[in-house]
Amino acid sequence: MFEVFSRGYYLGRLYVTPTDGDHALMHNEQHERINEEVYATGDGLERLDTPLVMKLETRHFPVHGAADVPTNTLALPEPMLEETSVRNPPSLQEVFLARRERARQLLSIAGGWQTDDATSSDDWPSTAGT
């Protein structure tokens, strides 16, 4: 689903659709799998519900898991979706997934990354199979 794009991001394509909720969402099993492959360090037990940080067009946002979102779909709150060029959703769009260190940086600014881990390794494999 996602391939290495740069030192800070993976690039993927997801169907973007509106949601009535307040948060960006994707299918919870996909969310956990991507979280494990991209954000987990492999050291002991780790939370797999940490928000993924994605970017659509020029906006970054945290993405949470939800059982009622179809696979390969990014559900955005309607006000957020209205700020994009997406028309006639669901629409297949290029989406960036922040790599671990970039996500940590963005979430720490927003107050959403709670960790004591001081490592800075970001040598993550491609998540093309997810």
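Are E101 and R104 buried or exposed? Both residues are buried. The tour comes back to them at its last stop, after a look at the whole chain. Keep in mind throughout that this is a predicted model.

**The whole chain**

Start with a cartoon view coloured by secondary structure. The chain holds 3 helices and 7 strands. Followed along the sequence, these elements come in the order β-β-β-α-β-β-β-α-β-α.

Next, show the surface. About 7,300 Å² of the chain is exposed, and 47% of that area comes from carbon and sulfur atoms. Of the 130 residues in the chain, 45% are buried. Now consider the contacts between residues at least 6 apart in sequence: 73% of them join residues at least 24 apart. Several of the stops below are pairs of that kind, and the first one is aromatic.

**First stop: F5, Y9 and F96**

Select F5, Y9 and F96, and show their side chains. These three residues form one aromatic cluster. How many aromatic pairs does the count come to? The count is 2 aromatic pairs.

Begin with F5 and F96. Their ring centres are 4.9 Å apart and their planes meet at 65°, an edge-to-face arrangement. F5 belongs to the loop between strand 1 (2-4) and strand 2 (9-19), while F96 is in strand 7, and the two are 91 residues apart. F5 is partly exposed, because its relative accessible area is 48%, and the cut-off for exposed is over 50%.

Now move to Y9 and F96. This pair is also edge-to-face, with 5.9 Å between the ring centres and 75° between the planes. Y9 is in strand 2 and F96 in strand 7, so the pair ties together parts of the chain that are 87 residues apart in sequence. Y9 and F96 are both buried.

Keep Y9 on screen and add K55. The charged end of K55 sits over the ring of Y9, at 5.8 Å from the ring centre.

**Second stop: R99**

Select R99 and add Y10 and S6. R99 is in the loop between strand 7 (91-98) and helix 3 (100-110). Is R99 buried or exposed? R99 counts as buried because its relative accessibility is 8%, and buried means under 20%.

Two neighbours are worth displaying here. R99 lies over the face of Y10, 5.0 Å from the centre of the ring. A polar atom of the R99 side chain also lies 3.3 Å from the backbone oxygen of S6.

**Third stop: E83 and R59**

Select E83, then add R59 and E57. E83 is in the loop between helix 2 (78-82) and strand 7. With a relative accessibility of 57%, E83 counts as exposed.

Which residues does E83 touch, not counting those up to four places away in sequence? The residues touched are E57 and R59. E57 is 26 residues from E83 along the chain, and the C-alpha atoms of the two are separated by 9.7 Å.

With R59, the contact is a salt bridge, and the closest N and O atoms are 2.7 Å apart. Side chains of opposite charge can pair when their charged atoms come close. The bridge links distant parts of the chain: R59 is in strand 5 (residues 59-66), E83 is in the loop between helix 2 and strand 7, and 24 residues separate them. R59 counts as partly exposed, at 36% relative accessibility.

**Last stop: R100, E101 and R104**

A search of the whole structure finds 3 salt bridges, and one of them is the E83 to R59 bridge. For the others, select R100, E101 and R104, which are linked in a network of salt bridges.

Take R100 and E101 to begin with. Their side chains meet in a salt bridge, at 3.3 Å from N to O. R100 is buried, with a relative accessible area of 3%.

Then turn to E101 and R104. Their side chains meet in a salt bridge too, at 3.5 Å from N to O. Where are E101 and R104 placed in helix 3? They are 3 residues apart in that helix, so about one helical turn separates them. As said at the start, both E101 and R104 are buried.

Methods
Residues numbered from 1 in each chain as written. Predicted model: local features only at pLDDT ≥ 70, side-chain atom pairs only at ≥ 80, totals over all residues. Heavy atoms only, no water. Helix = DSSP H or I, 4+ residues; strand = E, 2+ residues; numbered from the N terminus. Buried < 20%, exposed > 50% of the residue type's maximum accessible area, 1.4 Å probe, protein only. Contact = heavy atoms within 4.5 Å. Areas by Shrake-Rupley, 256 points an atom, 1.4 Å probe, with all protein chains shown as cover. Polar contact = N/O pair within 3.5 Å; in protein donor to acceptor, adjacent residues only side chain to side chain. Phe/Tyr/Trp six-rings, centres within 6.5 Å; stacked < 30°, edge-to-face > 60°. Lys NZ or Arg CZ within 6 Å of the ring centre and 35° of its normal. Salt bridge = Lys/Arg side-chain N within 4 Å of Asp/Glu carboxyl O.
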